[in-house]
Amino acid sequence: MWGTFFGVGVGPGDPELITVKAQRILKWAPVICLPKSREDAGSYVRGIISHLIDPARQEVMELVFPMTKDRAQLEEHWAAATGKVVAKLRSGQDVAFVTEGDPFVYSTFMHLYAEVRDRYPNVTVEVVPGVSSITSAAAVAGLPLVDGAERLAVLPATYEGEQLTQVLRDFDTVVLLKVNRVFDRVLETLEKLGLADRAVFVSRCGSPQQRIVRDVRKLRGEELDYLSLMIVKK
Ligand SMILES: C[S@@+](CC[C@H](N)C(=O)[O-])C[C@H]1O[C@@H](n2cnc3c(N)ncnc32)[C@H](O)[C@@H]1O
């Protein structure tokens, strides 16, 4: 009998935003997988869920997924991680792969999910949704996202230039994820469109390091945290 593969969303950082279902699974799953970006780095999600794990009963596997756009390197890491997960599933153990926010919103889990579903169709896969950084950032910033006929766009802010301009023109509210590396250029675009005053920056929402910046011009030139997003509401 193969084990079940769970993708468990645990919210953006506040342990009180972990769902009851996620808690139940994380308390009993014999194998817990935690993603991290480097071998020598800590796992952000470990800080959110460590109080639920009993190391005497549960095995915690940290899996490295580097922050790179190099497709070949990423595929190598996805394959290595899938191999480790499949070995546990094959031995009959249930595996819970933890993701910050929601597992189906720009998450590494989706790559393992696709691989396991395609190559091991007899494995049961269950996805436990989580509170996404998108909705929790809106909540802490006090910014209702959309109402009535308004339209919402969510972008990885690796979009720039004309594409970003078009989306900012077309939608009522735009949420820019992964904004840290392109912030200055995004700010330029916002200035050109007269939208800089409509933007709010939120980083590490829900965690003790949560930061909310309403005058986003102050952030120009700063080295920003990867766990940062910006909401632009017209
Ligand atoms: C790979 S995506 C993961 C999204 C996640 N699955 C979700 O549902 O929120 C990473 C991006 O999500 C955003 N993000 C995730 N957690 C965040 C947090 N606690 N505070 C602010 N932004 C966050 C940032 O834009 C970050 O660059």
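**Exercise 1. Classify the environment of Lys178 and describe its backbone.**

Solution. Lys178 counts as partly exposed, with 17 C-beta neighbours inside 10 Å. The classes rest on C-beta atoms placed from the backbone: a residue is buried if 20 or more others lie within 10 Å of its own, exposed if 12 or fewer, and partly exposed in between. The model is a predicted one, in which local features need pLDDT of at least 70, side-chain atom pairs count only at pLDDT 80 or more, and totals for chains, interfaces and linings use all residues. Residues are numbered from 1 along each chain as its sequence is written.

Next, locate the residue: Lys178 lies in the loop between β7 and α7 (183-192). Helices (H or I, at least four residues) and strands (E, at least two) are DSSP runs, numbered from the N terminus. Finally, consider the backbone: phi of Lys178 is near 50°, a positive value in a residue other than glycine. Most residues other than glycine have a negative phi.

**Exercise 2. Carry out the analysis for Tyr106.**

Solution. Begin with the position, which is the loop between β4 (95-99) and α4 (109-119). Tyr106 is not a glycine, yet its phi is positive, about 40°. Then count neighbours: 15 other C-beta atoms lie within 10 Å of Tyr106, so this residue is partly exposed.

**Exercise 3. Determine whether Val31 is buried or exposed, and list its contacts.**

Solution. Val31 belongs to strand β2 (residues 31-36). Val31 has 22 C-beta neighbours inside 10 Å and therefore counts as buried. For contacts, the criterion is that the C-beta atoms of two residues, placed from the backbone, lie within 7 Å. Leaving out residues up to four places away in sequence, Val31 touches Glu59, Met61, Lys88, Gln93, Asp94 and Val95.

**Exercise 4. Describe how α5 is packed.**

Solution. First identify the buried residues of α5 (133-141), which are Ser133, Ile134, Ser136, Ala137 and Ala138. These residues pack against β6 (152-156), β7 (173-177), β8 and β10. Then examine what follows the helix: Gly142, just after α5, takes a positive phi of about 65°.

**Exercise 5. Describe the division of the chain into domains.**

Solution. The chain divides into domain 1 (5-128) and domain 2 (133-233), with bounds that come from an automatic or database domain assignment. Taken over C-alpha atoms, the domain centres are separated by 27 Å. Across the boundary, eight residues of domain 1 are in contact with nine residues of domain 2. On the domain 1 side that touches domain 2, the residues comprise four nonpolar, three polar and one charged. Here Ala, Val, Leu, Ile, Met, Phe, Trp, Tyr, Cys and Pro count as nonpolar, Asp, Glu, Lys and Arg as charged, and the others, Gly among them, as polar.

**Exercise 6. Where does the ligand lie with respect to the domains?**

Solution. Start from the shell of 23 residues that surround the ligand, the closest being Pro12, Gly101, Ser132, Ser133 and Leu177. A residue belongs to this shell if its C-beta atom, placed from the backbone, lies within 6 Å of the molecule. The elements that give two or more residues to the shell are α5, β8 (199-203) and β10 (228-233). By residue class, the shell holds ten nonpolar, nine polar and four charged residues. Domain 1 and domain 2 both give residues to the shell, so the ligand lies between them.
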